[in-house]
Number of protein chains: 2
Amino acid sequence: YVGGENNQRSLLTWSEKAAAEAEEVAAISCSGHGRAYVDGLVSEGQPVCECNDCYGGNDCSEFFHGCSADADSGDPVFFEPFWMQHATDSVVVTSGWHRMSYKYYKYVDSTTMSIELESYIRKLHSIAGNAITEGRYMVFGVGSTQLLSAAVYALSSENSSSPSNVLASIPFYPIYKDQTVLFNSENFQFEGDTNSWQSNNGTNNMDVVEFVTSPNNPDGELKKSVLGGKTIYDHAYLWPHFTPITGPSDHDLMLFTLSKLTGHGGTRFGWAIIKDKDIYEKFLNYIELADMGISKDTQLRVLKLLKVVVEGDGKPLFEFAYNKMRDRWDRLTTVFSKSTRFSIQQRHPLHCNFFNETRLPSPAYAWVKCEREDDDDCSAVLEAGKIIGRRGSRFSDKDRYTRLSLIKSQDDFELLLQRLTELVSLENGSIAKM
Amino acid sequence: YVGGENNQRSLLTWSEKAAAEAEEVAAISCSGHGRAYVDGLVSEGQPVCECNDCYGGNDCSEFFHGCSADADSGDPVFFEPFWMQHATDSVVVTSGWHRMSYKYYKYVDSTTMSIELESYIRKLHSIAGNAITEGRYMVFGVGSTQLLSAAVYALSSENSSSPSNVLASIPFYPIYKDQTVLFNSENFQFEGDTNSWQSNNGTNNMDVVEFVTSPNNPDGELKKSVLGGKTIYDHAYLWPHFTPITGPSDHDLMLFTLSKLTGHGGTRFGWAIIKDKDIYEKFLNYIELADMGISKDTQLRVLKLLKVVVEGDGKPLFEFAYNKMRDRWDRLTTVFSKSTRFSIQQRHPLHCNFFNETRLPSPAYAWVKCEREDDDDCSAVLEAGKIIGRRGSRFSDKDRYTRLSLIKSQDDFELLLQRLTELVSLENGSIAKM
């Protein structure tokens with residue numbers, strides 16, 4: 001048997017050098033507080049450690065004591081240990097001549113999308129039980145980021161003399177607005193909050209395209225359409241680790257992203273599930289004309305990752321991620337329970353079909369409210385306590401709110417918890433100091 | 001020494017299985033008329049051969065005799081043999097936890113772009129001598145396709161009450177128009193041909209954004225700005241294998257793409273070289289808001305490929321590609337020299353600084369003209385002769401012209417040449433048959 005293994009090894013010819021390099025770089029010690037990468041900055045011929053926030057030195061062993069906890073971005077790095085544990089099944093080896101063509105296959109319609117990958121995505125939704133895909137069309141995008149604007153384009157009335165009205169419910173993800181403003185199209189314009197719109201317009205002007213983010217970013221709420229017109233369901237966070245899956249989502253247009261499923265934010269990949277054929281065709285036309293489709297290298301990597309995700313009917317990945325998030329929420333709520341100055345969103349238990357158990361949601365973000373009347377700039381209050389969040393006004397809400405990211409690295413979370421504990425401990429003894 | 005090699009081999013742990021799989025798939029024989037891929041369609045647990053056009057059967061050994069030569073798309077697959085020859089240096093091994101973050105580095109501005117990659121691109125231009133990069137900014141895009149619309153956005157007047165006028169010179173690449181129409185922005189509109197515009201407007205309205213494609217797609221001409229306003233230099237084909245490099249291009253905004261440099265069309269990657277800081281910032285904002293940057297997997301692969309490209313000061317790659325293109329042009333001109341019915345574009349020798357020799361250009365496409373008065377639909381004439389080209393009206397020119405792609409696989413080119421030879425041989429003997 002050992003002989004057999006050696007035989008296989010000796011067959012490797014052109015891929016061995018690169019494989020050895022990748023393993024060598026991965027083995028560089030960064031004290032558990034950083035990583036070296038094959039495409040990293042190089043010093044004296046060696047890739048250098050890239051340290052986590054607040055760590056430094058050649059091997060990232062040095063902690064910067066006065067450092068602020070950065071809980072600003074939604075960088076989903078908390079999945080990293082899972083992928084290190086599944087190294088053998090998740091590594092991708094790409095030959096120099098892999099998929100050079102713009103197209104995958106000659107005899108099918110959707111030539112810039114991998115059929116293999118599409119079938120794994122359908123399998124994944126069936127396992128997770130979070131979306132209906134039977135009889136639906138699928139389009140890939142450069143992250144769900146690109147799909148947001150493709151969706152607005154596809155749903156807007158092209159030949160109308162007046163533009164479609166794009167709306168979302170406060171608090172909402174700022175990119176919806178930013179993209180609509182950036183593209184400044186004659187077909188659509190951003191009109192802000194659904195509730196204000198409804199008060200002002202009633203049901204008079206129903207040429208609306210409504211973003212429904214469920215679970216919501218920033219606050220994790222399960223949302224429904226307010227206006228009942230055309231909707232874009234942004235389901236970036238609709239996975240068992242963030243929210244109980246109560247049943248498959250069954251909307252006309254649903255968006256998902258790899259980033260919040262596996263943690264690969266740097267791999268720009270998302271997908272849309274579309275009921276209507278005309279909308280699908282407009283969608284596909286948008287992606288192909290804007291970009292000529294999604295990088296084949298990216299699709300190959302996503303395929304490899306999803307093959308791991310669907311192993312064991314999704315249990316290993318979703319359990320890893322849920323346990324991580326639950327642990328973080330348990331520790332977070334303990335800290336906030338000692339505070340009257342700061343509160344976080346209420347969470348309500350629901351039955352999760354995937355885990356077959358009633359569970360609390362464990363959202364990607366804490367939506368922090370500063371309760372004292374004077375603390376109307378909550379981000380400033382937190383920053384004084386060395387915590388960097390994302391201010392409420394970025395989500396078109398009051399600055400009395402701040403979003404804290406709970407999905408970054410363990411180092412980031414530990415420091416966040418430490419700074420929060422310090423801040424809350426000041427409430428009784430030393431309010432004057434703040 | 002052999003012992004040393006074995007030692008290195010035994011060190012491989014998590015990457016060996018994937019490497020062995022990649023080599024196994026690459027070794028599947030498809031008779032030289034197809035390829036099997038690790039993400040290909042699977043039959044009985046084995047990836048199947050994906051055959052070149054006009055070939056079929058399990059191992060692609062079957063030739064379909066009545067098959068038309070497809071010279072429509074600009075799929076740059078003629079580079080494939082080069083990458084097979086450089087397998088060891090061009091293979092990429094990507095760990096499951098590689099670059100999960102949205103960002104590369106913490107302490108620099110351009111956090112979604114690889115600094116290592118950017119430095120190799122600068123080195124490449126310095127070697128090829130085709131563009132000035134010193135003191136210029138750089139932005140990556142999802143192919144140069146995405147950069148086209150980013151460039152129009154960045155150059156358009158944002159706050160003007162009237163939109164900027166986007167123009168190009170006939171014959172021009174259709175995507176310029178298609179994208180501008182698709183985005184239907186209030187900031188810009190497509191106004192067609194520069195020469196017609198100049199006749200109608202003189203120098204009255206100079207809020208223009210002009211695409212200058214040099215060498216031009218479809219006809220390979222070196223072009224200059226007609227209107228002298230704001231310009232986007234599309235330099236997709238400005239490489240020594242397509243045109244003599246007479247000196248470095250030195251324009252305010254220049255676009256390049258991996259696709260026509262290395263043949264990796266499926267790897268959506270392009271870059272812009274930008275003189276002005278404000279334009280650069282608008283550009284970067286566009287890319288980050290539209291997509292949150294370019295996939296890290298793609299950037300890693302491009303880095304690996306460019307490391308091979310700059311080896312030997314670019315000689316191996318550029319000589320391979322130039323020899324291939326020159327051979328194709330030699331054989332093509334021989335066929336067309338026997339025809340009075342069909343002509344192709346004139347080519348003029350120029351001194352190439354890269355090869356240090358006076359050479360004829362060898363453009364990516366033949367721009368075929370049907371000379372007979374009756375043959376005003378040249379694509380139809382060619383199609384009757386079993387040749388599929390791209391009709392002149394796609395480039396806003398007359399249908400008396402057709403573009404034939406010369407950069408596809410060797411099989412595609414051989415069949416194209418055969419069909420052209422058959423068609424031309426009919427001119428003297430058997431005109432009636434056509």
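**A small sheet, a helix pair and a chain interface**

In chain A of this predicted model, four strands form an open antiparallel sheet in the order 16-19-22-21. Strands here are DSSP runs of E with at least two residues, helices are runs of H or I with at least four, and both are numbered from the N terminus; two strands pair if DSSP finds at least two bridges between them. Strand 16 (342–343) and strand 21 (390–391) of chain A sit at the edges, each pairing on one side only. Helix 12 (residues 315–337) of chain A packs on the sheet, touching strand 16 and strand 19 (365–370) of chain A, where touching means heavy atoms within 4.5 Å. Its direction makes about 5° with that of strand 19 of chain A; axes are lines fitted to C-alpha atoms, for helices over the stretch in contact, and angles run from 0 to 180 degrees between N-to-C directions.

Elsewhere in chain A, helix 5 (residues 115–128) packs against helix 11 (residues 296–309) at about 30°, with the axes 10 Å apart. Residues meeting there include L117(A) and Y120(A) from helix 5, and V302(A) and L306(A) from helix 11.

As for the two chains, 99 residues of chain B are in contact with 100 residues of chain A. Eight salt bridges cross this interface, each a side-chain nitrogen of Lys or Arg within 4 Å of a carboxyl oxygen of Asp or Glu. R99(B) forms a salt bridge with D39(A), with the closest N and O atoms 3.0 Å apart.

Residues are numbered from 1 along each chain as its sequence is written, and chains are lettered from A and ligands numbered from 1 in the order written. Local features need pLDDT of at least 70 and side-chain atom pairs 80 or more, while totals for chains, interfaces and linings use all residues, and side-chain values use heavy atoms, leaving out hydrogens and water.
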